[in-house]
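Thanks for making the time, everyone. Please have the viewer open, since I would like to go through the charged and aromatic side chains of one model.

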Amino acid sequence: AFTLPAATVLAAGESVVAVSNPAAFALRYGGTPRVVGAYTGQLGNGGEELQLIDSVGENVLEFTFADDWYWPADGSGYSLVVRDVSQAVSDWELADHWAISAESGGSPAAGDTEFSTLFSIWKGGAFTPAELVDPTISGAGADWDHDGLSTVGEYGLALDPTASDAGSLPAASMVADGGADYLALTFRRQKRAADLAYAVEVSDRPGVWSGATLQVGGSVDHGDGTETVTFRDPVPIGERPRRFIRLRMVLTPAP
């Protein structure tokens, strides 16, 4: 429960927050956005009905959120954020109206313009409803388009799981860095996959891998939630008889 202090004025586009512990909030997030006070009680972990009521008791907004919308926001450090505040108030009860914060810990000091994604969210945009319920088509290990990539691999590399596009696989190359040449790997990835970890690994022989690779240059942002990156071997070419490089992707399943 929280009552906005009398005569509170918000500038155009300004956000304010009511927090549980103002001192702890300021220590973690700094002085923005403006804290307007401390609320009492706490939200239910299993979901809660929220109401915004004006000074005469009329509902401005009323909706119920559910804890099973997106599991990273259910105790894993991410926050639920609104995708578009201009949407109809009736949409606030829908999971699709909400998203996962771009960063773990949330970003109350600035509105999210980008959001984290999940395998399940990505699949929802890649397959039809009928395909989603068929594990031979959209299951994590399926290869519906027969291009050698599992559905998880298609997700991690931001590819189309319904069209063969093996030509977009990670590409090995030689890069110059600091006056030496190195074996490198370039690939496209999801910028903010909350359930996927990427590791570029190198080895003198397959089976014994090291993750001590270094990113070369900056990321190329494609403006669609994906980016292209290049990582190199720490060992210069010619220093060892042979070297291998690979990309490993590990999907964290929903709890």
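I will take the salt bridges first, then a buried acid, and then the aromatic rings.

Please keep in mind throughout that this is a predicted model. A search of the whole structure turns up 13 salt bridges, and I will pick out three of them. The first joins the side chains of Arg 192 and Glu 103, with a nitrogen-to-oxygen distance of 2.6 Å. In sequence these two residues are 89 apart, Arg 192 being in the loop between β8 and β9 and Glu 103 in the loop between β6 and α2. Both are partly exposed, with Arg 192 at 23% relative accessibility and Glu 103 at 43%.

Arg 192 also forms a salt bridge with Glu 114, where the closest N and O atoms are 2.9 Å apart. Because Glu 114 is in the loop between β6 and α2, while Arg 192 is in the loop between β8 and β9, this pair ties together parts that are 78 residues apart in sequence. Glu 114, with a relative accessible area of 32%, is again partly exposed.

The third salt bridge is between Asp 224 and Arg 188, and here too the closest N and O atoms are 2.9 Å apart. It links the loop between β11 and β12, which holds Asp 224, to strand β8, which holds Arg 188, across 36 residues of sequence. Asp 224 is partly exposed at 49%, and Arg 188 is partly exposed at 29%. Which residues are joined into one network by salt bridges that share partners? They are Glu 103, Glu 114, Lys 191, Arg 192 and Asp 221.

Now to the acid that I find worth a pause, which is Glu 154, located in helix α5, residues 151–156. How far away is the nearest side chain of opposite charge? That side chain belongs to Arg 188 and is 11 Å away, and Glu 154, although buried, has no salt bridge. If we set aside its neighbours within four places in sequence, the contacts of Glu 154 include Asp 145, Asp 147, Asp 160 and Asp 165, together with Trp 122, Leu 149, Leu 159 and Pro 161.

Trp 122 brings us to the rings, for which the count is 10 aromatic pairs. The ring centres of Phe 119 and Trp 122 are 6.0 Å apart and their planes meet at 15°, so this pair is stacked. Both residues are in helix α2, 3 residues apart, a separation of about one helical turn. Phe 119 is buried at 9% relative accessible area, and Trp 122 counts as buried at 14%.

A second stacked pair is formed by Phe 187 and Tyr 198, whose ring centres are 6.2 Å apart and whose planes are at 25°. Since Phe 187 lies in strand β8 and Tyr 198 in strand β9, the pair ties together parts 11 residues apart in sequence. Phe 187 is buried, with a relative accessible area of 3%, whereas Tyr 198 is partly exposed at 22%. The ring of Tyr 198 also has the charged end of Arg 189 sitting over it, 6.0 Å from the ring centre.

Elsewhere, the charged end of Arg 83 sits over the ring of Phe 115, at 5.4 Å from its centre. Finally, Phe 63, Trp 69, Trp 92 and Trp 98 make up one aromatic cluster.

Notes
Residues are numbered from 1 along each chain as its sequence is written. This is a predicted model: local features need pLDDT of at least 70, side-chain atom pairs count only at pLDDT 80 or more; totals for chains, interfaces and linings use all residues. Side-chain values use heavy atoms; hydrogens and water are left out. Helices (H or I, at least four residues) and strands (E, at least two) are DSSP runs, numbered from the N terminus. Buried means under 20% relative accessible area, exposed over 50%, partly exposed in between (1.4 Å probe, protein chains only). Lys and Arg count as positive and Asp and Glu as negative; His and the chain ends are not counted. A salt bridge is a side-chain nitrogen of Lys or Arg within 4 Å of a carboxyl oxygen of Asp or Glu. Contact means heavy atoms within 4.5 Å. Rings of Phe, Tyr and Trp (its six-membered ring) pair if their centres lie within 6.5 Å; planes under 30 degrees apart count as stacked, over 60 as edge-to-face and the rest as tilted. A charge sits over a ring if NZ of Lys or CZ of Arg is within 6 Å of the ring centre and within 35 degrees of the ring normal.
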